[in-house]
Amino acid sequence: MPRLLKTREEIQAEVHRLVHLDPKVREAKVNIEIPLPLEMDPMDGCNWAMSSYRNSTGHMDAVAKAVSEVMDKWNLKV
């Protein structure tokens, strides 16, 4: 299935939504700041990446899972 094209803001919002659905993140009541994605040369078909998640200490597993899930279904509209 081809990836859908989405804006930077749409990708950011979806990663944010998925991170904050994680039970451990919800329980900790932490607000993890998700950056806008950066355009990258396509790797494995995905043309964007993210880094520097503020307030993510102890929750990088949830962040990595959310980013991976969104990378599998959406590409950055450029």
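Me: Which residues does H59 touch, leaving aside its neighbours within four places in sequence?
Reply: H59 is in contact with K24, V25, A28, V30 and I32, where contact means heavy atoms within 4.5 Å. One thing to keep in mind: this is a predicted model, where local features need pLDDT of at least 70 and side-chain atom pairs count only at pLDDT 80 or more, while totals for chains, interfaces and linings use all residues. Residues are numbered from 1 along each chain as its sequence is written, and side-chain values use heavy atoms, with hydrogens and water left out.

Me: Why is H59 called buried?
Reply: Buried means under 20% relative accessible area, exposed means over 50%, and partly exposed is in between (1.4 Å probe, protein chains only). H59 has 12%, so it counts as buried. You'll find H59 in the loop between strand 3 (46-49) and helix 3.

Me: And what makes E33 partly exposed?
Reply: The relative accessibility of E33 is 34%, so E33 falls between the two cut-offs and counts as partly exposed. E33 sits in the loop between helix 2 and strand 2.

Me: Which residues does E33 meet, again leaving out neighbours within four places in sequence?
Reply: E33 is in contact with S52, Y53, R54 and N55. Take Y53: E33 and Y53 are 20 residues apart along the chain, yet their C-alpha atoms are separated by 5.6 Å.

Me: S52 popped up there. How do you know whether S52 is buried or exposed?
Reply: Its relative accessibility is 62%, which is over 50%, so S52 is exposed. S52 is in the loop between strand 3 and helix 3, and its phi is positive, near 65 degrees, although S52 is a residue other than glycine.

Me: What is the phi of K29?
Reply: K29 isn't a glycine, and it has a positive phi of about 55 degrees. K29 lies in the loop between helix 2 (23-28) and strand 2 (38-43). With 75% relative accessibility, K29 is exposed.

Me: Okay, how many helices and strands are there?
Reply: There are 3 helices and 4 strands. Both are DSSP runs, numbered from the N terminus: helices are H or I with at least four residues, and strands are E with at least two. Along the sequence they follow the pattern β-α-α-β-β-α-β.

Me: How do you know how compact the protein is?
Reply: Its radius of gyration, taken over C-alpha atoms, is 12 Å. The globule rule (2.2 Å times the number of residues to the power 0.38) gives 12 Å for 78 residues, so the protein is as compact as a globular protein of that length. Also, 35% of the 78 residues count as buried.

Me: Why is helix 1 called oblique to helix 3?
Reply: The axes of helix 1 (residues 8-21) and helix 3 (residues 60-73) come within 9 Å and cross at roughly 135 degrees. Under 35 degrees is roughly parallel, over 145 is roughly antiparallel, and 65 to 115 is roughly perpendicular; the rest is oblique. The crossing angle fits none of those three ranges, so helix 1 is oblique to helix 3.

Me: Which residues meet where helix 1 touches helix 3?
Reply: I11, E14, V15, L18 and V19 in helix 1 meet A62, V63, A66, V67, E69, V70 and K73 in helix 3. Those residues divide into 9 nonpolar, no polar and 3 charged. Nonpolar covers Ala, Val, Leu, Ile, Met, Phe, Trp, Tyr, Cys and Pro, charged covers Asp, Glu, Lys and Arg, and the others, Gly among them, are polar.

Definitions and conventions: Axes are lines fitted to C-alpha atoms, for helices over the stretch in contact, and angles run from 0 to 180 degrees between N-to-C directions.
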